[in-house]
Amino acid sequence: MLVLAVLLGHPAGADSPPALAWNIVGGGHPALVWLNARRTVTIRLQNVGTATWSPATSDGLAYHWRAPDGTMVVYEGRRTALPAPVPPGATVELRARVEGPPTAGRYILEWEMVREGVRWLGPPADADRQKVSTLAVWRFSAWLVALLLATVAAGVALRRARPTPGSRWWPAIAAVPVAWAWAATALAAFAFCELLGTPLWTGGGWLVASGAALGGLVVSLAPERWRPWLALGLAVFLAALTAADLAHARYFGSLIPLVAAGAVGQLGDVTDSAVSLLRGADGWLALLVPAGLALALLLPRRPSAVPRTAWERRARLALPVALLAAWTPALLTVNAAVRDKATGSQVFSHTTLVSQWGPTNVHLFDLGRTVRDEVARPSLSAEERAEVLAEFRSRPPAQPPGAVGFGIARGHNLLLIQVESLQEFILGAKVNGVEVTPFLNAVRAQSLYFPWVFDQSGEGRSSDGEFAALNSLHPVSRGAVVFRFPNAGYDALPAVLRRHGYATLSAHAFERGFWNRAVMHRTYGFDRSLFQGELGRGEVIGWGLADRLFLERMTAPIEELRRPFFTMLITLGLHHPFDTFPAAHKTLDVGGMTDTPLGNYLHAMHYLDGALANFFTRLDRDGVLADTVVALYGDHDAGIAIDENFLKVAREGAWDASMSVRLRRVPLIVHLPGGALAGDVPVVGGHVDIAPTILYLLGIEPPPGFIGGVLYPGRDRIAPLWNGSAVSADRIFVSRGPRIPAEGACFGFPYPSRLPLESCTGLRERADRELRASRLAIERDLFAEIAAPAP
């Protein structure tokens, strides 16, 4: 018992001191900390127990953040290791690493010693005296306030002490907007890193400052009288760009790429979704605008009638030269990265570059890479071209030995429905005992159901899901393929079916230009396309026609088509953040999830389910379903935060770090006439496997330009995801996500046990090859070569 008591740190007798006990004898109470930023706090500890602390027993110091009312905010604070053993009675001074709490306010910084893997040591001996309030604020907000106050103070002071027309102070005054622009550009970059929670690496601050000199350089090239107003324009631009970058990075993990400029016409359509990704703290960025306005209104101007002295002319020339010199380190760094094949080709979503360089330099890098890729694109080497061709030609045969079902639906019509934001977890889900999708659940039981189809969309979102499903190709790494490469020689599912005698029709419940669909649907091979203008006005949910109305209006055009036909329907009535879903259609009792994104999503999916039931009833009544294959899939994940309510609805246990990939599944349901073939097919796949699987059932060989394969049981297939993650039959590689290290992490699948990272090496390499081959085929339009007979 004595040994057990010592090991547990409890007294062996009533008067015996504890084995593991401690106290704070100095420091440890910072009055101010920065949010999402790390700092060191000097603290002096004393070992008041009977056991020695030692690095060998993994003893260290940690901390918790509590709200003033005692509520725990952050429990697992960063650890600080001991430099050496600390015997009983001795003291040790540590420079403890502390990361600020997640939101602004007052907190209690609560220190606690820990023996890692064994136990926490409890509060210090004088715990009550150690509870001191700490203020947590955004560091960038203090600097923005300081910039505003300094701008106003300097402007007022210079107006009161207005120099004489020939004063030598005028060159210095003319340089104020230039210096201000430099500072504002740097502050916007630092603000982005803080708000995103992406700390800069050691030395990154210098590169941010160097890159920000570009803002000052641009202003310095303007006439002196216009510099304050140009600085104001720069402030407005910086505030808007930083907010847009934050929204994009929170969803996609990357800054807005230059290639996304092709989609700028859709900005009004996606404003609500983008705004929902902004946070209250982002509003601090707006201080750049009044600061710039104060500069423009208060800074005195040099009288234009007074001739310039030689000193002024030299100063005017020296200013941009000095700024160019300051910008040179960042320019050289970015130029070297663009020229380096490894860095210049990496996926843009990686935030590592932001930590190294800051957002300004990453935008410059993206500009340089875009110019290189789009304007001065290097030619593919013979080896690279051969690798692409080999990857496409290594696809397994459509009819493996012993496979069943090939051609089981030969000659039948095909109705393909892409459903907005439909995720796999919603099928079978219940809320207060009520099924969310009772109709789809019933259809699933009479159909081929593929539960392990993963979302492979990227920055093109809905258009990427559609592109991958129709073309069996992966989206490109940056931007939307439908804007960047609309004229490549795709051989999409509609074109394949048209060659086999099918009439092809597409319909979308929104405007023609959304995601460039009017252009792309012709490219894909649709004979005719219907959009909101052709479908007519009616109830709108979200952006487009309500699903029920859209599907009802498509009944007649489908029935009028000659046989066999291929029709694709793209719904749009339900979209992140789901906050505008009409109350009249909210029929579920979602309890505490009312008016939350998840609660509204459940209502939206329930409404969709009813709309599909009505649509199928009409088609069945009119005899269409008797000879029609119906395939239905989700275009991308819903963007719903994985919290306690989400886990409950998804029938998941405790949160784990693999969920950012493991739950990113979109259902694929294929219903054959008369239920000729039905059952669950638990095969790993993705959007790129939808077209090959449908063609297999129709008895048609897939074209050589398909990168995906048929989802048949026992097939050795993987699902590469757009961001570099990948899934195989027995493991998942997660490239990024909450609590995922920079090098990624490996898990088992379907059960998420943590595996050594090297266990996923083969999976990563295979996924990288497939992604690279698909993207190079699109970017270089290699489809004619891929379709040519192999030598």
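Colleague: Before we get to the cavities, which residues count as nonpolar, which as charged and which as polar?
Modeller: Ala, Val, Leu, Ile, Met, Phe, Trp, Tyr, Cys and Pro count as nonpolar, Asp, Glu, Lys and Arg as charged, and the others, Gly among them, as polar. Keep in mind that this is a predicted model.

Colleague: Fine. How many cavities of 30 Å³ or more does a search of the whole structure find?
Modeller: The search finds three of them.

Colleague: How much space lies in the second largest cavity?
Modeller: The second largest cavity holds about 40 Å³.

Colleague: And what lines the second largest cavity?
Modeller: The lining consists of L440, V443, F616, V630, L632, I669 and H671. By class, six of these residues are nonpolar and one is polar, with no charged residues. His is not listed as nonpolar or charged, so H671 falls among the polar ones.

Colleague: Which helices or strands each supply at least two residues of that lining?
Modeller: α13 (438–445), β21 (628–634) and β22 (668–671) each do so for the second largest cavity.

Colleague: New topic. How many disulfides are there?
Modeller: The count is one disulfide. It joins C746 to C760, with an S to S distance of 2.0 Å. The cut-off for a disulfide is 2.5 Å between the cysteine sulfur atoms, so this pair qualifies.

Colleague: Which hand does the link of C746 and C760 have?
Modeller: The link is right-handed, with 70° about the S-S bond.

Colleague: What parts does the pair tie together?
Modeller: C746 lies in strand β28 (residues 745–748), while C760 is in the loop between β29 (754–755) and α24 (761–779), so the disulfide ties together parts that are 14 residues apart in sequence.

Colleague: Are C746 and C760 buried or exposed?
Modeller: C746 is buried, at a relative accessible area of 1%, and C760 is buried too, at 0%.

Colleague: What about C193, buried or exposed?
Modeller: C193 counts as buried, with 6% relative accessibility. The cut-off for buried is under 20%, so C193 meets it.

Colleague: Last one, H64. Where does H64 lie?
Modeller: H64 is in strand β4 (residues 59–66). Its relative accessible area is 1%, so H64 is buried.

Colleague: What does the side chain of H64 make a polar contact with?
Modeller: Its partner is the side chain of E112, at 2.6 Å.

Colleague: And which residues does H64 touch, not counting those up to four places away in sequence?
Modeller: With those left out, H64 touches M72, V74, Y75, I108, L109, E110, E112 and W120. E112 is therefore both a polar contact partner of the H64 side chain and one of the residues that H64 touches.

Notes. Residues are numbered from 1 along each chain as its sequence is written. This is a predicted model: local features need pLDDT of at least 70, side-chain atom pairs count only at pLDDT 80 or more; totals for chains, interfaces and linings use all residues. Side-chain values use heavy atoms; hydrogens and water are left out. Helices (H or I, at least four residues) and strands (E, at least two) are DSSP runs, numbered from the N terminus. Buried means under 20% relative accessible area, exposed over 50%, partly exposed in between (1.4 Å probe, protein chains only). On a 1 Å grid over the protein atoms alone, a cavity is a set of points where a 1.4 Å probe fits but cannot get out, and a pocket is an open set with protein on both sides within 12 Å along at least five of seven lines; lining residues have an atom within 4 Å of a point. Grid points are joined across faces, edges and corners, and a volume is the space filled by probe spheres set on the points. A polar contact is a pair of N or O atoms within 3.5 Å; within protein, one must be able to donate a hydrogen and the other to accept it, and residues adjacent in sequence count only if both atoms are side-chain atoms. Contact means heavy atoms within 4.5 Å.
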